[in-house]
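I opened this model to look up two things, the surroundings of the ligand and the setting of one helix. My entries follow the order in which I looked.

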Amino acid sequence: MKRTPGEWNLPPGLPRALPFYAMKPWVKLGEPIRLFEYLHRTYGSIAHYRFMGTPIIFVNDPELIREILVTQASAFVKERTVRRMKILLGEGLITSDDPIHIRQRRIVAPAFHRQRIAAYADEIVASAHRHAASWKQGEAIDISAAMMSLSLEIVARTLFDTEVSKDILAINDEVNTIMDLYNFLIAFPRMERVLHLPIPGVMKFRRSRARLDKVVNRLIGEHRETNMDKGDLLSMLIRSRDEQAETGTSIVMSDEQVRDEALTIFLAGYETTANALAWTWYLLSQNPEAEATLFQEIDEVLGTGENGRLPTLVDYPALRYTEQVFAESMRIYPPAWAMGRMSTQPITLGPYRIPPGAHFFMSQYMISRTPEYYPDPLRFDPDRFTPEAKAARPRFAYFPFGAGSRQCIGESFAWMEGVLAIATIAQRWRMQYLGSTPPVPQAKITLRPRDPVMMKLIER
Ligand code: HEM
């Protein structure tokens, strides 16, 4: 059915196209949160603006977010900036659309089943313990870098069954380079088509991406050589590709797809959790009461002094407050700070009718700082995540892991990693923030601290 423009009824918003407002303080390249804040402040929980003829809808209402991510999910695909991430991630789970997405998700899912994840608990604790044991009393460390190294080690050992060699550690440098270039890469029109040109930023990106490919290809090569199903994620991907080829299944995963999938999960799996942990240590250092309650829980569950022991999977359910701390940290500093979709059909959202091809943004950062759902939103209070407090809020006032068919596949893994890593480290260390002003969050692919977050380590 053909529709005429008069049939659309967009939410309130900027009367002119975005470039008209280029000089306003709330329009700044690479800082979309400023624009989200302005739209929310000025127009309320659903607003729109236009860019290059495309309507862009910003939604900050839990029920409407549910409509987009769950109820009407089949009327949406990922929006342009996510698709642009294909220059880094290829056709992996994050960037692909159906039918590739649904098939890949089925292949990868067993690596994230509850039982499987449970088997990773000891590895997580051992890695956190190794890191904590290497620290010295009174030493100042960049907690952000330390958590990157920890989380990288955990993903490498659990999902890729590999030792943390020099080239694995170098992944972090490449990702830092790419994050620095991110705004430039996203803003560049038709980036996909200029990737081969000798533009300095593009060349730097190409070099970093080639180095990442090399590491992942080496891992794939080693797994193939041993020809053993080690039961890890990479074995699963390789087996599935080979089995499909043998049985002549119509859509066979290419070698390149195995690589894209492995790289996607590697990057999605460590950067996010590392940032969440780094922000958690900062928040704890600023909130002695919450820190004391956390220490008390850990001491009660794991014992102290001579009788103290490292956590295991069995302790996980008892570490309730620790989980609340991690949840509250991801509320104030959600590692995935916004999500985008594009409509493929006419959409009805509340009283509004929105055409196909419109873009929709929902921001975890914005919703979790909205006073209606979180009074005094900047106050760190893990009791906002008791079961009663959670039940009193709309479900979609908190969605750090997304929702619906594209919900984070690593969510249970991330919760377990977060809780066990916090418990293992906090059993031994408290941290004192050495900066004179709070760390500045930067909205890149993830919400990262802009500068090193220096912490003094104090043995408990
Ligand atoms: C605190 C940690 C994490 C956060 C906040 C987080 C957040 C998210 C979010 C918001 C999405 C949905 C994106 C969208 O729908 O547009 C997502 C998807 C995804 N995440 Fe996570 N994630 C975390 C940890 C992990 C871990 C540990 C892994 C794997 C080891 C992982 C792998 C993935 C993958 C593969 C997808 C794509 C799923 C799909 O589209 O089917 N994430 N994540």
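The notes below begin with the ligand and then turn to the helix.

Entry 1, the basis. I am working from a predicted model, in which local features need pLDDT of at least 70 and side-chain atom pairs count only at pLDDT 80 or more, while totals for chains, interfaces and linings use all residues. Residues are numbered from 1 along each chain as its sequence is written, and side-chain values use heavy atoms, with hydrogens and water left out.

Entry 2, the iron. I looked for protein donors (N, O and S atoms within 2.8 Å of the metal, or 3.2 Å for Na, K and Ca), and found a single one for the iron atom of the ligand, SG of Cys 408 at 2.3 Å. Cys 408 sits in the loop between helix 17 (387-391) and helix 18, helices being DSSP runs of H or I with at least four residues, numbered from the N terminus.

Entry 3, polar atoms. I found an oxygen atom of the ligand 2.6 Å from a side-chain N or O atom of His 101, and likewise 2.6 Å for Arg 105, whereas the value for Arg 406 is 2.9 Å.

Entry 4, helix 15. I noted that residues 320-332 form this helix of 13 residues, which reaches 19 Å from first C-alpha to last, close to the 18 Å expected at 1.5 Å a residue, where the expected span is 1.5 Å times one less than the number of residues. Twelve of the 13 residues of helix 15 are buried (under 20% relative accessible area, 1.4 Å probe, protein chains only), among them Glu 323, Glu 328 and Arg 331.

Definitions and conventions. A polar contact is a pair of N or O atoms within 3.5 Å; within protein, one must be able to donate a hydrogen and the other to accept it, and residues adjacent in sequence count only if both atoms are side-chain atoms. Buried means under 20% relative accessible area, exposed over 50%, partly exposed in between (1.4 Å probe, protein chains only).
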